[in-house]
Amino acid sequence: QARVVESGGGAAQPGGSLRLSCTVSENIFSSLDINWYRQVPGSQREWIAVISPSGDSSNYATSVYGRFTISRDNVKNAAFLDMNALKPDDTAIYYCRAFRRETPPVDLWGQGTQVTVSS
């Protein structure tokens, strides 16, 4: 079964930048929507961005619009979340979700990567 792995989390100062990566272990990547979510302990998981399988369409939550950019490289089976103008409120565990509604359906989550924004 395919696996989803996030990487690139860490610490940043307010106003700084980080890039998260999401890889999928099998060669089905180009058929999958890739979503990014984040979760603060004790709170619900929040959806923040999605990119279509071809990469020609993306959408963002209001909380990150204009600061975060989602992209993908279907040759490398990887997606990215470029996070700029980081705020302390962006501190969370960030999760990648690989999804396909069409048969056979796919709904896979990574283990998450911690992002901490503080001065």
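In this predicted model, strands β3 and β8 pair in the antiparallel sense over 6 bridges, and within that pairing leucine 20 stands opposite leucine 81 of β8. The two strands belong to an open sheet of 4 strands, whose order is β1-β3-β8-β7 and whose pairing is antiparallel. At the edges of this sheet lie β1 (4-7) and β7, each of which pairs on one side only. Neighbouring strands of the sheet are turned by 15° against each other on average, direction ignored.

A further set of pairings involves β4, β5 and β6. Strands β4 and β5 pair in the antiparallel sense over 5 bridges, and strand β5 pairs in the antiparallel sense with strand β6 (residues 58-60) over 3 bridges. The hairpin of β4 and β5 has 6 residues between the strands, and glycine 42 takes a positive phi near 90° there. The hairpin of β5 and β6 likewise has 6 residues between its strands, with glycine 55 in the turn at a positive phi of about 90°. The three pairings are set out below, each with a pair of residues that face one another.

| Strand pair | Bridges | Residue pair |
|---|---|---|
| β3 and β8 | 6 bridges | leucine 20 and leucine 81 |
| β4 and β5 | 5 bridges | tryptophan 36 and alanine 49 |
| β5 and β6 | 3 bridges | valine 50 and asparagine 59 |

The loop between β5 and β6 contains serine 52. Is this serine buried or exposed? Serine 52 counts as buried, because its relative accessible area is 14%, which is under the 20% limit. Its side chain is joined to that of aspartate 56 by a polar contact of 3.0 Å. Leaving aside neighbours within four places in sequence, serine 52 is also in contact with Leu32, Asp33, Ser57 and Arg72.

Turning to the interior, the largest nonpolar core has 30 residues, of which Ile34, Trp36, Phe68, Leu81, Met83 and Tyr94 touch the most other members. Two or more residues of this core come from each of the elements β3, β4 (33-39), β5 (46-51), β7 (68-73), β8 (78-83), β9, β10 (106-109) and β11 (113-117). In soluble globular proteins, nonpolar side chains tend to be buried together.

Leucine 81, already met as the residue opposite leucine 20, illustrates how these elements come together. When residues up to four places away in sequence are not counted, leucine 81 touches Leu18, Arg19, Leu20, Trp36, Ile48, Ala49, Phe68, Thr69, Ile70 and Tyr94. Among these contacts are Trp36 and Ala49, which are bridge partners in the pairing with β5. Trp36, Phe68 and Tyr94 are also included in that list, and they are named with Leu81 among the core residues that touch the most other members.

The model also holds 1 disulfide, which joins cysteine 22 to cysteine 96 with an S to S distance of 2.0 Å. With -70° about the S-S bond, the link of cysteine 22 and cysteine 96 is left-handed. What does this pair tie together? Cysteine 22 lies in strand β3 (residues 18-24) and cysteine 96 in strand β9 (residues 92-100), so the disulfide connects parts that are 74 residues apart in sequence. Cysteine 22 is buried, with a relative accessible area of 0%, and cysteine 96 counts as buried at 0% relative accessibility.

Methods. Residues numbered from 1 in each chain as written. Predicted model: local features only at pLDDT ≥ 70, side-chain atom pairs only at ≥ 80, totals over all residues. Heavy atoms only, no water. Disulfide = S-S within 2.5 Å. Buried < 20%, exposed > 50% of the residue type's maximum accessible area, 1.4 Å probe, protein only. Core = buried A, V, L, I, M, F, W, Y, C linked by side-chain atoms within 4.5 Å. Contact = heavy atoms within 4.5 Å. Pairing = 2+ DSSP bridges. Axes fitted to C-alpha atoms, helices over the stretch in contact; angles between N-to-C directions. Polar contact = N/O pair within 3.5 Å; in protein donor to acceptor, adjacent residues only side chain to side chain.
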